[in-house]
Amino acid sequence: MPSLRVDPPAPDRRPAAATLLEIGHLSKRYGAVRALHDLTFEVRSGEIFGFVGSNGAGKTTAMRIMLGVLAADSGTVRWNGAELDLDSRRRFGYMPEERGLYPKMKVGEQLRFLAGLHGMSPADAADAVERWTDRLGVGDRRNDNVESLSLGNQQRVQLAAALVHDPAVLVLDEPFSGLDPVAVDIMSDVLRERADAGVPVIFSSHQLDLVERLCDRVGIIRAGRMQALGTIDELRTTDRLQWLLEVEADPGAVLTAVHAVPGVQAHALDERPGAVLVELAAAGPGAGAAGAEQDVLRAALAVGAVRSFGPVRPTLADLFREIVSGDEAPDAVHSPDGSSGSRRTTAEAAA
Ligand SMILES: Nc1ncnc2c1ncn2[C@@H]1O[C@H](COP(=O)(O)OP(=O)(O)OP(=O)(O)O)[C@@H](O)[C@H]1O
């Protein structure tokens, strides 16, 4: 059941931008487990891309392949039109799921060391470490061993490690997990700021409200395949047009009146007494439902005063549930014919 949000379409924040990171037809097996199957998507300059999927869907595998810490069985990862090599990967900032900090090393020392590995001079590294640890709220912990920090603060340090060399691409595996709300806000601001500076940002997350709020585009992956890809707004535009209707009248009478409109389904909402969810067929070639909402409104007005009547669109969490519902065990081997199909937005399909 879609939640009852009636939102105006979100503004498209995407600048007209070049595709910087292209993930093309990646496939990967671990023995009998098919972790990725022909996974293709792109992340554009200045865009925050949210990578979502159930546990075991293949997100970490895809991110590791992007970073070159894991080899794909087939497929390519291109940056700025060229296949990635060691040099270009040094320009990436990566926050691995397994969090690779040295527990017994001091925060500042460790970050300066990592910045040096990315080719920064000691002076530049020291400046950047000071700037990022201050920004991420762990400036006063620079002289403490990593293991003495709370897990959330270690995560802030891990983000500093991904950012310290001013990366041209950011790939972050579950950067928000375990963060307190203040740290979530800081992390969100930093990602938006980096994207606004032209950096393609990709992160995985199970926090769908956050993904919905923060990301310009989203990919929903299921069992190693991309199932839905597009802006939040595009993904929320479904074939089923649902409207929420509230009338000052007996709900049974409202339902009867609405059902009398040809091609319209309706049912009462348990969680919102008196409200009726009206489902119109999609307007489009052959659907013949354009203007059906006017017929519904007229029918409703005939039984009582209409308190509200407006379109309802699914949240990202609704879409996600719809896509992964009936999921088989994530570790299963999948049929080679791609029978699960893939939902791409019109814009993506045309691209
Ligand atoms: N080293 C490995 N050896 C064998 N199987 C693996 C290995 N790493 C991952 N897998 C399997 O590959 C599939 C994809 O795993 P992956 O970690 O990429 O998923 P994920 O989407 O990141 O999951 P989560 O949200 O739980 O982190 C899963 O079925 C997983 O069990």
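**Positive phi and a hairpin**

Biologist: Where is the place of aspartate 38?
Modeller: Keep in mind that this is a predicted model. Aspartate 38 falls within the run 33-44. That run is strand E2.

Biologist: And what is phi at aspartate 38?
Modeller: Aspartate 38 isn't a glycine, yet its phi is positive. The value comes out at about 55°.

Biologist: Is aspartate 38 partly exposed or buried, and why?
Modeller: Being buried takes 20 or more other C-beta atoms within 10 Å, and being exposed takes 12 or fewer. Aspartate 38 has 15 C-beta neighbours inside 10 Å, so the verdict is partly exposed.

Biologist: Which loop holds aspartate 166?
Modeller: Aspartate 166 also isn't a glycine, and has a positive phi near 55°. With 16 other C-beta atoms within 10 Å, aspartate 166 is partly exposed. Its home is the loop between helix H5 (151-163) and strand E7 (169-173).

Biologist: How many bridges join strand E9 to E10?
Modeller: E9 covers residues 217-222 and runs antiparallel to E10. One facing pair is isoleucine 221 in line with methionine 226, the latter in E10. The count of bridges joining E9 to E10 is 6.

Biologist: Which residue in the turn of the E9 and E10 hairpin has a positive phi?
Modeller: The hairpin leaves 2 residues between E9 and E10. One residue in that turn has a phi of about 50°, and it is alanine 223.

Biologist: How many residues of strand E10 are buried?
Modeller: Strand E10 spans residues 225-231 and is mostly covered. Its buried tally is 7 of 7.

Note on methods. Residues are numbered from 1 along each chain as its sequence is written. This is a predicted model: local features need pLDDT of at least 70, side-chain atom pairs count only at pLDDT 80 or more; totals for chains, interfaces and linings use all residues. Helices (H or I, at least four residues) and strands (E, at least two) are DSSP runs, numbered from the N terminus. Two strands pair if DSSP finds at least two bridges between them.
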